[in-house]
Amino acid sequence: MQSMTNEATPAPTPMLRAVDLHKRFGAIEVLKGVSLEVGRGEVIAIIGPSGSGKSTFLRCLIHLETVQRGCIEVEGRTLVSTDTGGECRYVADAEIRTICGAMGMVFQHFNLFPHLTVLENLIEAPMTVKGLRREDVVPKAEALLAKVGLADKRDAYPSRLSGGQKQRVAIARALAMEPDILLFDEPTSALDPELTGEVLRTMRELADEHMTMIVVTHEMAFAREVASRVIFMDGGLVVEARPARELFASPEHPRTRAFLENML
Amino acid sequence: MDYVLNILPPLIEGTGVTLQVFVITLMLSVPLGLALALLRLSRIAPVRAAVGGYIWLMRGTPLMLQMLFIYFALPFVPVIGVRLPDFPAAIVAFVLNYAAYFAEIFRAGIQSIERGQYEGAKVLGLSYAQTMRRIVLPQVIKRILPPVSNETITLIKDTSLIYVLAMNDLLRAARGIVQRDFTTSPFVVAAAFYLIMTLVLTYGFQHLEKKYAVYDE
């Protein structure tokens with residue numbers, strides 16, 4: 001399924017490629033053929049009304065949900081493919097874990113581990129999954145905490161943190177596994193308005209460092225200013241996918257226009 | 001007072017038997033209960049059903065009946081039939097019975113952990129076993145301490161059922177003296193012994209709950 005290009009030099013392998021993803025929950029078809037290609041260092045914002053399938057799409061990319069049809073490749077490695085007969089096949093479990101290891105995810109509700117301190121939240125996966133030693137991972141975890149501005153919360157339990165602080169810890173925890181792609185599922189939707197700024201600031205810094213990011217969001221200002229491309233989804237389909245400024249300045253599709261008029 | 005001091009040695013001896021049954025049962029039935037709970041939550045339907053049937057059987061019949069069955073009837077059961085001395089027979093019955101109760105406590109605890117915890121662990125690359133061991137079970141322990149404390153206190157008193165196998169636990173020792181001396185004061189002393197044991201347990205579990213209170217959910 002190699003895409004054809006007209007350029008003399010072949011296009012570099014995209015970081016992530018999703019083709020024609022289909023997903024249904026019972027009788028409800030949530031994804032009706034969604035495709036997306038993400039290049040290195042791109043920041044993709046996915047916007048759209050609730051129920052449009054954008055969160056489900058993100059969850060399918062990192063195997064929190066399985067698709068019934070379509071193909072996902074991460075850094076050239078196939079996670080799931082569908083043959084011409086329509087048979088959908090995932091690779092073996094061990095391989096799924098390796099492939100998804102290239103991605104990190106930040107959730108709407110943080111999903112921090114409440115029984116572990118902030119630092120322990122960060123070093124848990126590097127130690128348990130990668131088998132690294134505590135003394136080797138602690139300095140890096142501390143550096144990440146400093147980066148998100150929470151060095152002083154190192155030994156606090158998550159319940160003692162504000163929503164914005166929790167989400168910044170969650171971002172640091174994802175970064176501790178050194179992912180190549182970070183997925184954000186409505187990272188500010190559970191936050192009080194005055195706390196969204198600190199999380200968005202952290203995400204903006206990541207974008208400035210050319211982290212590849214896919215962000216499902218309702219923050220139109222963030223999408224417009226930080227995203228390289230904006231995907232507008234509705235009814236389980238990509239309605240419009242264009243560079244952020246273009247899409248906001250002159251939405252082509254009436255549904256995009258209606259949605260943006262509602263939001264802004 | 002002299003009389004009480006006089007009857008203490010046989011009662012202390014009986015307490016030894018009671019504590020042995022208690023400790024061994026606890027040490028074996030908690031891990032077995034955890035294993036049963038994980039199987040009860042298995043993806044494989046027949047496994048779930050089998051464990052469900054086991055729990056129904058163990059909770060649905062009296063512990064005393066189970067003990068009598070294992071001691072008197074098991075030797076005559078074809079294939080698995082085995083003749084056990086009284087102490088092992090009692091232990092087997094207690095472990096099988098209490099594991100069923102602990103299984104239900106563990107199951108409820110595991111199911112009370114939010115899906116987000118599993119998802120958070122999964123996207124960090126933790127396997128199912130790692131997620132259980134490192135993320136889920138440590139949180140389950142905190143949540144199930146109160147019911148486990150309940151069950152444990154019930155167990156220390158349930159151990160008195162082993163009198164049906166003519167074993168000299170605390171209560172049977174007390175009864176022996178009551179029948180010999182025509183006085184009920186050994187019962188009072190035995191009650192004091194049970195109260196001391198449950199007090200120690202209550203204190204122990206309170207200490208554990210405090211230890212786990214360092215974090216909120």
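**Entry 1. Buried area between the chains**

I looked up the area that chain A and chain B bury between them in this predicted model. The value is about 2000 Å², with 60% of it on carbon and sulfur atoms. I then asked which three residues supply the greatest part on chain A, and found A:Phe113, A:Pro114 and A:His115. Together they account for 27% of the area that chain A buries against chain B, more than any other three residues.

**Entry 2. Residues in the contact**

I recorded 24 residues from chain A and 21 residues from chain B in the contact.

**Entry 3. Polar and charged pairs across the interface**

I searched the interface of chain A and chain B for salt bridges, and the rule finds three. One that I noted joins A:Arg160 to B:Asp216, where the closest N and O atoms are 3.5 Å apart. For polar contacts across this interface, I recorded nine residue pairs, with both residues at pLDDT 80 or more.

I next looked up which elements of chain A contribute to the side that touches chain B. Strand 7 (103–106), helix 3 (118–128) and helix 5 (163–175) each supply at least two residues. Helix 3 of chain A gives the largest share, three residues. Sorted by class, this side of chain A holds 14 nonpolar, five polar and five charged residues.

**Entry 4. Aromatic pairs**

I counted aromatic pairs over all chains and obtained six. I examined the pair of B:Phe94 and B:Tyr98, which lies 6.4 Å centre to centre with 20° between the planes. I entered this pair as stacked, because its angle of 20° falls under the limit of 30 degrees.

Where do B:Phe94 and B:Tyr98 lie in chain B? I found both in helix 4 (residues 86–111), four residues apart, about one turn of the helix. I also checked whether these two residues are buried or exposed. B:Phe94 has a relative accessible area of 0% and is buried; B:Tyr98, at 1%, is buried as well. Following the ring pairs further, I obtained a cluster that links B:Phe94, B:Tyr98, B:Tyr101 and B:Phe102.

**Entry 5. B:Val79**

I located B:Val79 in the loop between helix 3 (63–73) and helix 4 of chain B. Its relative accessibility is 87%, so I listed B:Val79 as exposed. Finally, I looked up its separation from B:Ile144: the two are 65 residues apart in sequence, and the C-alpha to C-alpha distance is 38 Å.

Technical notes:
Residues numbered from 1 in each chain as written. Chains lettered and ligands numbered in written order. Predicted model: local features only at pLDDT ≥ 70, side-chain atom pairs only at ≥ 80, totals over all residues. Heavy atoms only, no water. Contact = heavy atoms within 4.5 Å. Buried area = accessible area lost by both parts, 1.4 Å probe. Salt bridge = Lys/Arg side-chain N within 4 Å of Asp/Glu carboxyl O. Polar contact = N/O pair within 3.5 Å; in protein donor to acceptor, adjacent residues only side chain to side chain. Nonpolar A, V, L, I, M, F, W, Y, C, P; charged D, E, K, R; others polar. Phe/Tyr/Trp six-rings, centres within 6.5 Å; stacked < 30°, edge-to-face > 60°. Buried < 20%, exposed > 50% of the residue type's maximum accessible area, 1.4 Å probe, protein only.
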